[in-house]
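Q: I have a model open and want to learn how to read it. Where do I start?

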Amino acid sequence: MKTILLDDFLDNGIIREKSFRHMISEHDFEQYNNEKVIIKGCASVMVPTWAYLILTARLAQAADKIYYGEPKYAVKIFNKKDIE
């Protein structure tokens, strides 16, 4: 399972929409092709809802399954087989 840390998308300690969208557009999502991916929700700052939506929408184009939270208590939020 691959992990995405939302702290990797911070701009001067916060998530700013313009820079977040830029970082998402520059991020290599090919590495998640046909993979299970977990979005770690333990960011050191508040994460706006739109950030999760943008990230999940982009991940859904590549990943087989997307989870949120901690691996032990992960919540499934997307399964490619559910839409096929």
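Q: Which residues of helix α2 are buried?
A: Start with the general idea. An α-helix has 3.6 residues a turn, so residues three or four places apart point the same way. Now the case here, which is a predicted model. Helix α2 spans residues 49-59, and its buried residues are A51, Y52, I54, L55, T56 and L59.

Q: What covers the buried residues of α2?
A: Look for elements in contact with them. The cover includes three strands and a helix named here by range: β1 (2-5), β2 (36-40), β3 (65-68) and α1 (17-26). Strand β4 (75-79) is also part of the cover.

Q: How do I read one residue of that helix? Take I54: is it buried or exposed?
A: Check the relative accessible area against the cut-off. Buried means under 20%. I54 has 17%, so I54 is buried.

Q: Which residues does I54 touch, leaving aside neighbours within four places in sequence?
A: I54 is in contact with F20, R21 and I24. Now compare separation along the chain with separation in space. I54 and A74 are 20 residues apart in sequence, and their C-alpha atoms are 19 Å apart.

Q: Where is V45, and is it buried or exposed?
A: V45 sits in the loop between β2 and α2. The class between buried and exposed is partly exposed. V45 has 24% relative accessibility, so V45 falls in that class, partly exposed.

Q: What does V45 contact beyond its neighbours within four places in sequence?
A: The contacts of V45 are L10, G13 and I14. Add a C-alpha distance to that. V45 and I15 are 30 residues apart along the chain, with 8.0 Å between their C-alpha atoms.

Q: What is the order of the elements along the chain?
A: Count first, then order. There are three helices and four strands. From the N terminus, the order is β-α-β-α-β-β-α. The radius of gyration is 12 Å, close to the 12 Å from the globule rule for 84 residues, so the chain is as compact as a globular protein of that length.

Q: How many of the contacts are long in sequence?
A: Take contacts between residues at least 6 apart in sequence. Of these, 66% join residues at least 24 apart.

Q: What share of the chain is buried, and what does the surface consist of?
A: Buried residues are 33% of the 84. The chain exposes about 5400 Å², and carbon and sulfur atoms supply 50% of that area.

Q: How many charged side chains are there, and how far apart are the centres of the two sets?
A: Count each sign, then compare the centres. The chain has 12 positive and 12 negative side chains. The centres of the two sets lie 5 Å apart.

Q: How many aromatic pairs are there, and which residues do ring pairs link into a cluster?
A: A pair of aromatic rings is described by the distance of the centres and the angle of the planes. Here the count is four aromatic pairs. Ring pairs join F9, F20 and W50 into a cluster.

Q: What is the phi of N12, and where is N12 found?
A: Check the sign of phi, then the location. Phi of N12 is near 55°, a positive value in a residue other than glycine. N12 belongs to the loop between β1 and α1. N12 is exposed, at 69% relative accessibility.

Q: What about N34: what is its phi, and where does N34 lie?
A: Phi of N34 is near 55°, positive in a non-glycine residue. N34 lies in the loop between α1 and β2. Its relative accessible area is 57%, so N34 is exposed.

Key. Residues numbered from 1 in each chain as written. Predicted model: local features only at pLDDT ≥ 70, side-chain atom pairs only at ≥ 80, totals over all residues. Heavy atoms only, no water. Helix = DSSP H or I, 4+ residues; strand = E, 2+ residues; numbered from the N terminus. Rg over C-alpha atoms; globule rule 2.2 N^0.38 Å. Buried < 20%, exposed > 50% of the residue type's maximum accessible area, 1.4 Å probe, protein only. Contact = heavy atoms within 4.5 Å. Areas by Shrake-Rupley, 256 points an atom, 1.4 Å probe, with all protein chains shown as cover. Lys, Arg positive; Asp, Glu negative; His and termini not counted. Charge placed at Lys NZ, Arg CZ, Asp CG, Glu CD. Phe/Tyr/Trp six-rings, centres within 6.5 Å; stacked < 30°, edge-to-face > 60°.
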